[in-house]
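Please load the model in your viewer, with a cartoon for the backbone and sticks ready for the side chains. The tour below goes from one selection to the next and says what is to be found at each stop.

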Amino acid sequence: MDGTPQERPGQFLYAHGDLELVLVPGRDTAARFSSSPLMYQKNHEPELAAFRDSSWVSATGIRLVETGRTRFPTGSFTWIDDQGREVFVRNGPFAGRYHLVIVIGPEAKRDQVQARHAHVLATYRPTA
């Protein structure tokens with residue numbers, strides 16, 4: 001995937017065909033938005049604004065993962081985007097500072113989206 005800066009500050013987009021990987025390395029803090037990672041994801045995470053604004057949505061697997069002192073929300077989100085496409089997003093931020101790892105793709109490629117997301121989560125090590 002080729003990396004190019006995204007429109008929002010601190011956000012990086014890697015695109016290949018109709019799949020996108022969005023990395024947001026520590027832009028938002030839990031202290032500023034919410035100490036609850038699930039509330040941040042539900043109410044404040046800018047990358048899920050289209051999900052919150054869409055008239056048709058579904059979400060599955062929304063849960064808080066705790067590993068030692070690290071807490072992060074995870075989940076799968078589907079909505080109709082502004083171009084009329086059904087979009088599937090697999091989200092998985094890290095705690096403290098919200099390091100977002102989001103893979104976006106068409107609903108028909110759900111398995112590829114999940115596989116890429118799992119790979120990035122297994123190898124991504126936030127430094128902020």
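A residue is called buried if its relative accessible area is under 20%, exposed if it is over 50%, and partly exposed in between, with a 1.4 Å probe and protein chains only. By that rule Glu47 is buried, because its relative accessible area is 13%.

Before the next selection, some conventions. This is a predicted model, in which local features need pLDDT of at least 70 and side-chain atom pairs count only at pLDDT 80 or more, while totals for chains, interfaces and linings use all residues. Residues are numbered from 1 along each chain as its sequence is written, and side-chain values use heavy atoms, with hydrogens and water left out.

**The whole chain**

Start with the cartoon, which shows 4 helices and 7 strands; helices (H or I, at least four residues) and strands (E, at least two) are DSSP runs, numbered from the N terminus. Followed along the sequence, these elements come in the pattern β-β-β-α-α-α-β-β-β-β-α. Of the 128 residues in the chain, 38% are buried. The surface that the chain exposes is about 7300 Å², with carbon and sulfur atoms supplying 51% of it; such areas come from the Shrake-Rupley method with a 1.4 Å probe, and for residues only the protein chains shown count as cover. If contact means heavy atoms within 4.5 Å, then 42% of the chain's contacts with a separation of 6 or more are between residues 24 or more positions apart.

**Strands 2, 3, 6 and 7**

Select residues 12–16 and 19–29, which are strand 2 and strand 3: these run antiparallel and are joined by 5 bridges, where two strands pair if DSSP finds at least two bridges between them. Between the strands of this hairpin there are 2 residues, and Gly17 takes a positive phi near 65°. Tyr14 stands opposite Leu21 in strand 3, and Leu21 in turn has Val103 of strand 7 as a bridge partner. Strand 3 and strand 7 are antiparallel and share 7 bridges.

Now add strand 6, which is joined to strand 7 by 5 bridges, again in an antiparallel arrangement; here Phe88 stands opposite Gly105 in strand 7. Because 5 of its 6 residues are buried, strand 6 is largely enclosed by the rest of the structure. When you turn on side chains in these strands, keep in mind that in a regular strand the side chains alternate between the two faces of the sheet.

**The nonpolar cores**

Which residues have the most contacts inside the largest nonpolar core? Select Phe77, Trp79, Val89 and Leu100, which have that place in a core of 14 residues; a nonpolar core is a set of buried Ala, Val, Leu, Ile, Met, Phe, Trp, Tyr and Cys residues joined through side-chain atoms within 4.5 Å. Two or more residues of this core come from each of strand 3, strand 5 (70–80), strand 6 (86–91) and strand 7, and strand 7 gives the most, with 3 residues. A second core, separate from the largest, has 9 residues, among them Leu23, Phe88, Val101 and Val120.

**The aromatic cluster**

The structure holds 3 aromatic pairs; rings of Phe, Tyr and Trp (its six-membered ring) pair if their centres lie within 6.5 Å, and planes under 30 degrees apart count as stacked, over 60 as edge-to-face and the rest as tilted. Select Phe51 and Phe77, whose ring centres are 4.9 Å apart with the planes at 75°, so the pair is edge-to-face. Since Phe51 lies in helix 3 and Phe77 in strand 5, the pair ties together parts that are 26 residues apart in sequence. Phe51 also forms an edge-to-face pair with Trp79, at 5.9 Å centre to centre and 65° between the planes, and this pair links helix 3 to strand 5 across 28 residues. Phe51, Phe77 and Trp79 form one aromatic cluster. Phe51 and Phe77 are both buried, and Trp79 is buried too.

**Two loops**

From Trp79, whose contacts beyond four places in sequence include Glu47, Leu48 and Val89, move to Glu47 in the loop between helix 2 (37–44) and helix 3 (49–53). The side chains of Glu47 and Arg27 are joined by a polar contact of 2.8 Å; the term covers a pair of N or O atoms within 3.5 Å, where within protein one must be able to donate a hydrogen and the other to accept it, and residues adjacent in sequence count only if both atoms are side-chain atoms.

Finish at Ala108, in the loop between strand 7 (97–106) and helix 4 (110–123). Is Ala108 buried or exposed? Ala108 counts as exposed, because its relative accessibility is 80%. The C-alpha atom of Ala108 is 8.7 Å from that of Glu86, a residue 22 positions away along the chain.
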